[in-house]
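Biologist: Could you take me through one spot in this model up close, and then work outwards from there? I'm happy with numbers, so don't hold back on the cut-offs.

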Amino acid sequence: MAQVACGIDIGGSGVKGALVDLESGQYIGDQIRIPTPDPATPEAVADVCRAVIDQLDVKPEVPIGVTFPAPVFDGVIPYMANLDQSWVDVDVRALMERHLGRPVVPLNDADAAGMAEVAYGAAKGHDGVIVFTTQGTGIGSAIIVNGTLLTNTELGHLEIDGHDAEKMASSGQKTVQGLNWDQWAQRLQRYYSHVEFLLNPDLFVVGGGVSENHEKFMPLLSLKTPMIPAKLLNTAGIVGAAYYAAHGRA
Ligand code: BGC
């Protein structure tokens, strides 16, 4: 089993990568960040990923996981919410392998972050059904059952009261719509109680930058399921991508 793997996290504003120590879940050396090209077409982003691994000097035998802000089904993106629409139907595994010149494991960004939380973070040691959601421009989700990831869940796109859930309850929309914590918490209440009703999980873990301010909104929610903030925050996507590339499971 590899001791080191590389994670690359493709986001709307930056493509970030780092080498990860799989024992500790910590970065080895610095993270590289290159702004996401505009337009963020598959070829342009793949070139940036190549630059990231060149700068990190990733050796050919080191497993590489790459995250996308979209489901990745059998290497292909079926649907893209918040990045250039030219990604739809692209075989991103083939694209990345062509540009990076080696095997690549592509996966959804929230799946990666959720796995990182189970392997090294807030959900470590928790069994049962864990529903991880990551708050940002969209709402990403990962469902992990006794260590096994149910890949490509899209709980950010549940339709609630006639709205796409992430257009109503993401932290990005909190900013765009200028909602205060109380107003946003009301939307979170509607969202998470619906998810709870559908899935009856054992634990909710909430990630994304806003989870640093968890004391501003978690106490305002009334749920049966315990809810805790993520621990890895900014590193979760990269660490989870590296972990998944090396292990394939939690
Ligand atoms: C996408 C998900 C992604 C999430 C966070 C959603 O809009 O559909 O696949 O995980 O945003 O980036």
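In which secondary-structure element is the place of Val206?

Modeller: Val206 is in strand β11. Helices and strands here are DSSP runs, numbered from the N terminus (H or I over at least four residues for a helix, E over at least two for a strand). A quick word on ground rules: this is a predicted model, where local features need pLDDT of at least 70 and side-chain atom pairs count only at pLDDT 80 or more, while totals for chains, interfaces and linings use all residues. Residues are numbered from 1 along each chain as its sequence is written, and side-chain values use heavy atoms, with hydrogens and water left out.

Back to Val206: it is buried, and its relative accessible area is 0%. Buried means under 20% relative accessible area, exposed means over 50%, and partly exposed is in between, using a 1.4 Å probe and protein chains only. Skip residues up to four places away in sequence, and Val206 still touches Thr133, Gln135, Tyr192, Ser211, Phe217, Met218, Met227, Ile228, Pro229 and Ala230. A contact is heavy atoms within 4.5 Å. Then there's Ser141, 65 residues from Val206 in sequence but 9.4 Å away in space, C-alpha to C-alpha.

Now step back along the chain to the loop between α6 (181–199) and β11 (203–207), where Pro201 lies. Pro201 is buried too, at a relative accessible area of 8%. Apart from neighbours within four places in sequence, Pro201 contacts Val129, Val131, Glu196 and Thr225. Pro201 and Lys224 are 23 residues apart in sequence and 9.5 Å apart in space, again C-alpha to C-alpha. That loop between α6 and β11 also holds Asn200, which has a positive phi of about 45° although it is not a glycine.

If you like backbone oddities, there are others. Asn146, in the loop between β7 (139–145) and β8 (148–150), has a positive phi near 45° without being a glycine. A cis peptide bond links Asp38 to Pro39, with omega about 0°, and Pro39 belongs to the loop between β3 and α1.

As for α1 itself, the buried residues are Pro42, Val45, Ala46, Val48, Cys49, Val52, Ile53 and Leu56. They cover an arc of only 155° around the axis, which puts them on the same side of α1; the arc is that of the directions from the helix axis to the C-beta atoms. What they pack against is β1 (4–10), β2 (14–21), β3 (26–35), β4 (64–68) and α2 (92–100). Just after α1, Asp57 takes a positive phi of about 55°.

Last stop, the ligand. It is surrounded by 14 residues, and the closest are Asn108, Asp109, Glu154, His157 and Glu166; the cut-off is a heavy atom within 4 Å. Polar side-chain atoms of Glu154 and Glu166 lie 2.5 Å and 2.8 Å, respectively, from an oxygen atom of the ligand. The protein covers 92% of the 310 Å² of accessible area that the ligand has on its own, by the Shrake-Rupley method with a 1.4 Å probe.

Terms used. Polar contact = N/O pair within 3.5 Å; in protein donor to acceptor, adjacent residues only side chain to side chain.
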